[in-house]
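User: Hi! Could you walk me through this structure? I'm new to this, so plain words please.

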Amino acid sequence: MRSREQKFLTAILATALAAATIFAQNSQAPAGAAKQAPINANAPPPPPIVRPLANGKGVIRSTVDLVQIDVQVVDRDGNPVKGLTQNNFRVVEDGKEQKVSTFEYFDVEKVETAAADDQTPITISLGAIQPQAKLQEQVKDRRLTVLFFDMSSLEPDQLLRSIAASDKFVRTQMSPADLVGIVIFGNQLSVIADLTNDKAFLERALAALRPGADAQLAALADAAAQPTDFTSTEDTDAAFTADNTEFNIFNTDRKLAAIEAVADILADIPGRKSVVHFTGGITQTGEENRSQLRAATDAANRSNVSIYTVDARGLLAEIPGGDATTGAASGTAMFNGNSVYTQTQSREDSRETLATLAGDTGGKSFFDLGDFGDAFRAVQADGTGYYLVGYYSSDGVRDGRWRNVKVSVANLPAGAHLHYREGYYAPKDFGVYTTEDRERQLEDAMSSETPIVELPVAVETAAFRLNDAQYFVPIAAKLASSALQWAQKTGRRQTEFDFAAEIRTKQTNRVVGALRDTITVQLDTARFAQVQQQALLYQGGIILAPGNYTLKFLARENESGRIGTFEEDLSLPAPQPDKLQLSSVLLSSQLETVRKTSEVKTQALAEDARLQSSPLDVEGQRIVPSVTRVFTGEQTMYVFFQAYPPAKSDPSALRAGLVLFRNGARVNQTPMVEPAEIDPKTGAASFRISLPLSSIATGRYTLQAVAVEAGTEQAAFARNYFALRATPQPPAAPASSPTNLPAAAPASPAPAPASPSGN
């Protein structure tokens with residue numbers, strides 16, 4: 001079950017924009033595992049420990065509209081036709097002739113017939129950034145094949161049969177021209193062997209594959225029954241059987257996303273790549289999976305990858321109603337033949353997607369095979385030699401539509417024919433993204449291990465204890481207004497943002513909290529001119545238990561689709577009842593009173609809830625965190641922190657002050673003051689100290705907050721850092737306060753703990 005999280009969103013816009021309070025649900029995602037070392041070729045047979053891949057999204061690439069088509073030209077006997085030139089080839093896209101810009105022939109046959117003792121050892125790491133010049137040299141005239149085992153759909157016997165066929169291929173069919181890699185997908189996508197021509201290494205890698213927890217996922221992968229007049233379901237003797245349609249949608253998307261990721265990690269390797277996909281079938285549940293299927297085929301065509309799908313169930317005479325591993329069907333369908341029809345239809349449905357993947361990427365699909373060697377022979381036959389033809393499409397419209405490609409060759413010998421992929425999906429601008437496209441873009445950005453810096457974003461966090469089991473972690477993100485694209489609509493300027501945050505545990509990488517909001521800002525001409533000189537500030541927060549976490553924050557500007565991400569480690573210490581402890585020290589130059597405004601609208605993706613106040617609300621005002629922690633001499637710094645006294649202590653006896661250090665030396669300090677506010681339920685004492693900066697020299701400072709309990713030996717301190725720059729001189733305008741966007745309020749972790757004090 002999905003846990004519900006409370007979000008407290010407050011819209012504050014400097015001098016005019018103010019707040020709306022909205023709440024949303026927390027979302028969860030499957031956790032990944034930590035990176036581990038790949039198999040050592042000189043080691044004994046490796047255990048099933050693999051190198052995970054971050055969904056293939058960890059490589060920075062520039063996007064260009066170069067279309068590359070691998071064209072195999074064979075004579076009537078199936079032998080490659082060599083010696084053709086660029087002038088022999090004619091490429092037509094959607095009826096328009098294209099100018100061939102790049103041209104190269106890969107003479108795989110030459111290397112394939114070379115003596116085995118002349119073979120040069122080659123290893124190409126999958127998913128790693130490598131020099132293109134070196135890659136070009138390594139893959140020249142080579143056949144590149146990746147064996148991809150979908151452990152989430154393969155039953156143990158199917159997996160063993162696939163491994164045996166792959167081992168036979170490596171030992172008896174693999175030629176000197178072949179570079180072979182091995183990738184598996186279960187709970188995550190992992191490489192167990194990089195592209196290599198080392199047969200002994202590949203044999204050891206295959207020996208490490210065994211049916212296990214990943215393979216057991218196949219038992220959960222059956223498609224939901226199609227609506228018919230008669231039902232036929234397995235009788236599990238359970239009082240209630242949940243509808244697993246939602247699970248199947250998710251499970252199918254994961255399988256297709258894994259194929260997309262494999263294509264992505266092969267994109268930077270030049271030449272034609274073949275993926276032999278061993279699977280127990282992929283069943284779509286309707287339109288829900290169509291977007292992900294298109295994304296997978298698009299990624300394969302963009303990366304010049306052909307997919308050869310192999311139904312590892314092989315040639316099987318199915319027993320009506322299933323074998324002894326399946327419970328007897330319930331209902332009336334078993335008596336009228338409908339159960340047999342449903343059983344057969346389910347198998348055919350699971351093959352339709354495999355045929356689409358193969359057909360749309362220039363590969364082949366293999367069903368009802370007793371010998372999987374036919375699939376390997378087809379891969380080798382399709383890659384004995386090919387021409388890599390590239391062109392820049394004359395169609396500059398980035399609409400994401402399918403484009404048909406036709407290739408013809410002049411002066412071909414009689415009986416010769418061509419084999420090539422017959423089209424591709426055009427690039428797509430953000431403006432024509434569907435809802436599914438936009439969601440996938442956010443998911444890919446959130447799962448990527450590489451920071452995205454298209455949209456500059458700075459983030460500041462802190463931690464304030466709500467009670468012994470919960471912390472409130474405020475999240476403030478600053479965006480430069482001048483870097484945004486504003487749409488002009490009916491005399492007003494408008495921009496829209498998606499903000500998302502995900503919290504994962506350090507130890508297990510499990511998602512325990514998330515924020516997600518869409519915020520629209522509409523300004524008239526005068527307000528737009530004012531806001532253009534300011535920064536936009538988003539405020540949010542999340543509730544977490546003590547522990548060590550990783551925060552990933554994402555902001556997307558929805559006019560252009562540009563994204564910025566930010567990552568940070570969070571350490572929330574467990575309470576120590578016998579010691580005085582301090583919260584984070586939060587620095588600000590701005591206080592705001594919460595007001596409502598029509599200029600900012602927030603769409604939260606869940607139900608409303610109630611939270612009376614945030615720890616940042618003191619004496620009717622909210623302190624706005626400084627994200628950059630850069631101040632000027634004419635400003636006043638507001639320092640906010642909390643002290644948590646030992647059990648049975650008197651919070652009113654607490655006193656706190658500030659000490660400034662510069663270059664390791666103490667340069668200033670403030671008097672000790674009483675708490676500005678004491679929470680009667682938790683005893684937390686809030687301190688807000690104003691520090692005029694006009695008398696302090698410019699430079700970088702360490703600010704230390706010190707708290708003591710009068711009459712005891714209890715004392716604690718916490719630190720933060722800031723930079724002070726000179727006050728701008730006329731006629732330069734003074735630094736303006738940031739414009740504040742609505743804030744996502746605290747979302748509690750999953751499972752949801754007790755509500756914080758004040759709910």
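Analyst: Happy to! Let's start with one residue: F661 has T702 as its bridge partner in β40. This is a predicted model, in which local features need pLDDT of at least 70 and side-chain atom pairs count only at pLDDT 80 or more, while totals for chains, interfaces and linings use all residues. Residues are numbered from 1 along each chain as its sequence is written, and side-chain values use heavy atoms, with hydrogens and water left out.

User: How many bridges join β36 to β40?

Analyst: There are 8, and the two strands run antiparallel. Strands here are DSSP runs of E, at least two residues long, numbered from the N terminus. Two strands pair if DSSP finds at least two bridges between them.

User: What is the strand order in the open sheet of 5 strands?

Analyst: The order is β34-β41-β40-β36-β37, and the pairing is mixed. β34 (630-632) and β37 (665-669) are at the edges with a single partner strand each, so one side of each has no neighbour in the sheet.

User: Cool. What lies over the face of F661?

Analyst: R719 does, at 5.8 Å from the ring centre. A charge sits over a ring if NZ of Lys or CZ of Arg is within 6 Å of the ring centre and within 35 degrees of the ring normal. Likewise, the charged end of K140 sits over the ring of F106, 5.0 Å from its centre.

User: Switching topic: how many aromatic pairs are there?

Analyst: The count is 18. Rings of Phe, Tyr and Trp (its six-membered ring) pair if their centres lie within 6.5 Å; planes under 30 degrees apart are stacked, over 60 edge-to-face, and the rest tilted. One of the pairs is F464 with F640: the centres are 5.3 Å apart and the planes at 50°, so this pair is tilted.

User: Where do F464 and F640 lie?

Analyst: F464 is in strand β20 (residues 464-467) and F640 in strand β35 (residues 636-644), so the pair ties together parts 176 residues apart in sequence. F464 has 0% relative accessibility and counts as buried (under 20% relative accessible area; exposed is over 50%, partly exposed in between, with a 1.4 Å probe and protein chains only). F640 is buried too, at 1%.

User: And how are Y701 and F722 arranged, stacked or edge-to-face?

Analyst: Stacked, with 5.3 Å from centre to centre and 15° between the planes. Y701 is in strand β40 (residues 699-709) and F722 in strand β41 (residues 715-725). Both are buried.

User: Which residues form the aromatic cluster with F149?

Analyst: F169, F278, F372 and F376 join F149 in one cluster.

Note on methods: Helices (H or I, at least four residues) and strands (E, at least two) are DSSP runs, numbered from the N terminus.
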